[in-house]
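Thanks for sharing this one with me. Here are a few friendly notes on its pockets, to read with the model open beside you.

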Amino acid sequence: MKFSTLSLLISSIIGLSYSQTIYTGDVLEGNKVITKLDINDLPEKSVSYLWFKVPANMVGINSHVPLMVKKGTNGGPRFLLNSGFHGDEYNGIRVVQDTFHSIDESKLNGTVVAVTYASPGAIAGGRMFYVTNSATGGIVDVNRNFKLSPEPTDIGSLMTDGLWKNLYSNNNFTACVDMHGASAGDSYPNLIYGDVRIEYTNRMFELSGADIVKLEIGSAKNTGYLEDALNQINVPTISYEIGYGLSMQADQIKRSNEFMQRIMADLKMIPPTTDKDSISRFEAAQKKTLALNELHIAKNNIGGIVIPCVSLLDKVEAGQVVAHVINPYGHVIEEIKTKVDGYVMMIIRNPASDPLRNIAFISRVNPDESCKLGGCFVP
């Protein structure tokens, strides 16, 4: 009996020594705080709600990223649902929450990790960027700081360093969807960016039923996007732009949830849907998906109230007026025109505009061989 107890104790100690998840010992709102997640530590058929601790702010108070994990059985694929890098993009956050809670962990093959407020400072401020107030102040776009530098060099890279090393890059994810949306005052359709060189990225394009698939060639060194950083370590990842900024659109959220279900079914994590309405919606949307590889940004040269003349997904021709700028008397003082034929991929919603604002994104197919894989721009 004593030998058995001793054996159990030794086994427990050995188990602890190999545990890679690091708990701080703190509990916040009933959930444990960690600085590193290792999915291997979590038991099968479990649900975990955690806080991931990120660096302290200028007054020494730490922020925490909410983290949810559902682990099923049989090891299986690992699917990362990420959102909340930008504080004015709410649709994606709700998609992550709804998708996560729709999963029955007792029937799940594999693990789903869900991140909602990846930049808590930006979320708290309700704006795209995290605003720092130390020294002369500054703004930080967290999703421009995954440049895979060996050591952090500023507040932006310091914020991402822990997330990258202890959550995103160390858990051998099978695939990832990083969810975004238009910034405050702008509007997107249902839109995907992705690196066409990645095999499973192309498969996610096929499963999306998105309005537009924007073909890209990504480089984390250049962009600092999580999408590109994960692709560089062979985790197929797409950026998913969902609808309007500062909005929760029920139709976009439902559509996006169904897309996430299709990815999980394709990865054999859950059974495919038998819902005929869902299948019909996808088949209809899939026939309309536009795969585009070049972008033109139409800007205003004069500040004022901007009145759009086109809507999302409209087909436009080179030279067409996409918006007017008016002065306080209601006179048109500028016509904003597109330089290319294409489709309206973004249009503003908030009309008050400083000069040189991005008023509309026009995207098209450029047949030139240099643009075949995407990532082309029209100056």
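**Notes on the two largest pockets**

1. In this predicted model, 32 residues line the largest pocket, and those nearest its centre are Arg 144, Tyr 188, Tyr 193, Tyr 225 and Glu 241. The space inside this pocket comes to about 770 Å³.

2. It helps to see which elements build that lining. Two or more residues each come from strands E10 (186–195), E11 (212–216), E12 (237–244), E14 (294–299) and E21 (358–364), and from helix H7 (226–232). Of the contributors, E10 gives the most, with three residues.

3. Where does the largest pocket sit relative to the domains? Its lining draws on both domain 1 (22–291) and domain 2 (293–371), so the pocket lies between them.

4. On chemistry, the lining of the largest pocket is mixed: 12 residues are nonpolar, 11 polar and nine charged.

5. Do take a look at the second largest pocket as well, which holds about 380 Å³ of space. It is lined by 20 residues, and Asn 57, Met 58, Ser 63, Tyr 130 and Val 131 are the closest to its centre. The elements that supply two or more lining residues here are strands E3 (46–56) and E7 (130–132), together with helices H3 (120–125) and H4 (155–168).

6. How many charged residues are in the lining of the second largest pocket? There are no charged ones: the lining divides into 13 nonpolar and seven polar residues. For the largest pocket, by contrast, nine charged residues belong to the lining.

Key:
Residues are numbered from 1 along each chain as its sequence is written. This is a predicted model: local features need pLDDT of at least 70, side-chain atom pairs count only at pLDDT 80 or more; totals for chains, interfaces and linings use all residues. Side-chain values use heavy atoms; hydrogens and water are left out. On a 1 Å grid over the protein atoms alone, a cavity is a set of points where a 1.4 Å probe fits but cannot get out, and a pocket is an open set with protein on both sides within 12 Å along at least five of seven lines; lining residues have an atom within 4 Å of a point. Grid points are joined across faces, edges and corners, and a volume is the space filled by probe spheres set on the points. Helices (H or I, at least four residues) and strands (E, at least two) are DSSP runs, numbered from the N terminus. Ala, Val, Leu, Ile, Met, Phe, Trp, Tyr, Cys and Pro count as nonpolar, Asp, Glu, Lys and Arg as charged, and the others, Gly among them, as polar. Domain bounds come from an automatic or database domain assignment.
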